[in-house]
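Here are a few short exercises to work through with the sequence and the 3D view side by side. Try each task yourself before reading its solution.

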Amino acid sequence: MRFLIIPDKFKGSMTSEEVYRSFRTGVEQVLSDASFHFVKASDGGDGFLDAISMYKDCKRVAMKTLDPLGREISSYYLLDAKSKSAYIELANSSGMELLEPSERNASLTSTFGSGQQIADTIKKGAKKIYVGLGGSATNDGGIGIANALGFEFLDSNGNPLEPIGKNLSEVQRITQSYNYMEIKGIQFFAINDVKNPLFGKDGAAFVYAAQKGADAAMISELDKGLRNLSEVYVRQFGSDFSEVPGSGAAGGTGFGLKAFFKADFLSGITFILELSGIKEVLDTQKFDYIVTGEGKIDDQTLQGKLIQGVMELANSYNIPVLAVCGKLDVPLERLTSSGVQDVIEIGDPNKSLGYNMQNAKDLLQRRVYEYFKSLI
C-alpha cells in the first residue's frame with residue numbers, strides 16, 4: 001500500500017514531520033511493505049518558511065524587528081539572491097504565538113514588524129516578495145506594514161496615527177512620509193487560502209478577532225475601523241478591494257498588501273505543492289491514499305485551509321483521502337461528501353486537552369495502528 005502524506009501541523013503538539021513519522025510508524029506495525037512519500041506543505045501560515053526552505057535554495061536572513069506589541073525581537077526571512085526573491089512569514093514578526101494569551105489584544109497589535117522585514121528585503125535587492133499570511137495577532141488592515149514602508153495614516157487634525165487596530169476608525173487621510181520606500185518594479189504576492197472579505201459578518205474582525213483577544217464590543221469597533229479604512233482608500237485612490245476574496249486574511253493584511261503594494265493573491269497550498277513538484281510525482285506514481293490532517297478539523301478547515309487544498313488535489317487524481325486530527329468538530333458527512341474516505345480522530349475523550357496534546361504522537365501512532373489492523 002502506497003501513501004502520499006501531506007499533513008498540516010497539530011498546533012501546539014506536533015509538527016507536520018512528527019505527524020508523518022507517527023502515522024508511518026502506526027501503519028508499518030500492520031503493513032510492513034507499505035511505502036510513503038512525505039510533502040511538507042503550508043497554506044501560507046505558520047510553517048511557511050520551513051516549507052519554502054525544503055524546496056528552494058535560500059539564505060536565512062536574521063534581523064531585529066518589532067513584535068505585534070512593538071517590542072524588539074529577533075526574526076528572520078528567506079532570500080533567494082539568484083532570483084531576487086524574498087519569502088516572509090507574517091507570523092514571524094506579527095504572530096499570535098509571539099504573545100502570551102493574556103497579552104493578545106487585536107485593537108493594540110500591528111503588522112509593523114513584518115513591514116520592517118519587507119523593507120529590509122527591498123534594501124537587499126529583492127524584486128519579488130512573497131508574504132505568507134496566517135497566524136497573525138493583528139487586525140490592523142495591513143497599515144502596520146504600509147507604515148513601515150513610508151505610508152502615513154492621519155486623523156482629522158492631520159496628525160499621524162499609530163498603525164494599530166483601534167486607530168483604524170480614526171483614519172481620515174492616507175499620505176506618504178519623508179521615508180517612503182520606492183516600490184516601483186517590485187512584485188508583491190500575498191500567499192494564503194482564506195477567502196474572507198475585509199469587513200462584514202464574514203470579514204476579518206467578526207470571523208477571526210475573537211481568537212486574537214477581542215470581545216464582542218471590540219470586534220464591532222474593529223469591523224467599523226476596517227470599513228473606514230476601505231472607505232478612505234476608495235475616496236482617495238478610487239479602487240475598492242474590500243470584497244476581493246482574501247482581503248480579510250490575517251486581520252485585513254491581505255487588503256493592505258493589495259491596496260498599498262498591488263499584491264497578487266496566490267493560493268498557499270497550490271503555491272507550495274507546485275514548488276514541491278508533487279504533480280509530477282502523481283503523474284508518474286500510483287498511491288492508494290493521500291493522507292492529510294490538522295489538530296482540529298472545524299468550519300475554518302473547509303474555508304480554504306491546507307486540508308481543503310489537499311482534498312481538491314486528491315479529487316483531481318481520483319485518490320481517496322484519509323484525514324487525521326486531534327478533534328473532529330464538524331459532521332463527518334461534510335468531509336466524506338467532499339472526497340474524504342475516512343477520518344481518524346486521535347483525541348481520547350476521557351482525557352484532558354492537555355493530556356491529548358502532550359501525548360499526540362503516541363495517540364496518533366496507536367489510532368493509526370488500530371485503524372489499519374481493523375481493515376485486515
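The exercises below go from domains to sheets to pockets, and the model they use is a predicted one.

**Exercise 1. The domains**

Find the domains of the chain and say how far apart their centres are.

*Solution.* Start with the domain assignment, which gives domain 1 (2-38 + 288-375) and domain 2 (48-268). Next, take the centres over C-alpha atoms: 32 Å separate those of domain 1 and domain 2. Finally, look at the contact, to which domain 1 brings 5 residues and domain 2 brings 7 residues.

**Exercise 2. The sheet with parallel pairing**

Trace the order of the open sheet of 5 strands and find its edges.

*Solution.* Step one is the order, which reads 2-1-11-12-13, with parallel pairing. Step two is the edges: strand 2 (35-38) and strand 13 (340-345) each pair on one side only. On average, neighbouring strands here are turned by 25 degrees against each other, direction ignored.

Now zoom in on one pair. Strand 1 (residues 2-5) runs parallel to strand 11 and is joined to it by 3 bridges. Within this region, phenylalanine 3 stands opposite tyrosine 289 in strand 11.

Last, add the helices. Helix 1 (residues 16-28) packs on the sheet and touches strand 1, strand 2, strand 11 and strand 12. The direction of helix 1 makes about 175 degrees with that of strand 2. Helix 14 (residues 360-375) also packs on the sheet, where it touches strand 1, strand 11, strand 12 and strand 13. The direction of helix 14 makes about 135 degrees with that of strand 13.

**Exercise 3. The sheet with mixed pairing**

Work out which strands of the open sheet of 6 strands have a side without a neighbour.

*Solution.* Write down the order, 3-4-5-6-9-10, with mixed pairing. Strand 3 (59-66) and strand 10 (264-266) stand at the edges with a single partner strand each, so one side of each has no neighbour in the sheet. Strand 3 pairs with strand 4 in the antiparallel sense, over 8 bridges. To see this on the model, look for threonine 65, which stands opposite isoleucine 73 in strand 4.

Helix 4 (residues 112-123) packs on the sheet, and the strands it touches include strand 3 and strand 4. Helix 8 lies across strand 6, strand 9 and strand 10, at about 145 degrees to strand 10.

**Exercise 4. The largest pocket**

Describe the largest pocket and explain where it lies relative to the domains.

*Solution.* Begin with the volume, about 1,200 Å³. The lining has 42 residues, and Lys11, Glu294, Lys296, Asp298 and Lys305 lie nearest the centre. Elements giving two or more residues to this lining are helix 8 (249-261), strand 11 (289-297), strand 12 (321-328) and helix 13 (353-358). Sorted by class, the lining has 12 nonpolar, 15 polar and 15 charged residues. Domain 1 and domain 2 both give residues to the lining, so the largest pocket lies between them.

**Exercise 5. The second largest pocket**

Repeat the analysis for the second largest pocket.

*Solution.* The space in this pocket is about 220 Å³. Of its 14 lining residues, Asp46, Glu89, Ala91, Asn92 and Glu97 are the closest to the centre. Helix 2 (48-55), strand 4 (72-80) and helix 3 (90-94) each supply at least two lining residues. The classes divide into 4 nonpolar, 4 polar and 6 charged. Domain 1 and domain 2 both contribute to the lining, so the second largest pocket lies between them.

Conventions: Residues numbered from 1 in each chain as written. Predicted model: local features only at pLDDT ≥ 70, side-chain atom pairs only at ≥ 80, totals over all residues. Heavy atoms only, no water. 1 Å grid on protein atoms, 1.4 Å probe; cavity = no way out; pocket = protein on both sides within 12 Å on 5 of 7 lines; lining within 4 Å. Points joined across faces, edges and corners; volume = space filled by probe spheres on them. Helix = DSSP H or I, 4+ residues; strand = E, 2+ residues; numbered from the N terminus. Nonpolar A, V, L, I, M, F, W, Y, C, P; charged D, E, K, R; others polar. Domains from an automatic or database assignment. Pairing = 2+ DSSP bridges. Axes fitted to C-alpha atoms, helices over the stretch in contact; angles between N-to-C directions. Contact = heavy atoms within 4.5 Å.
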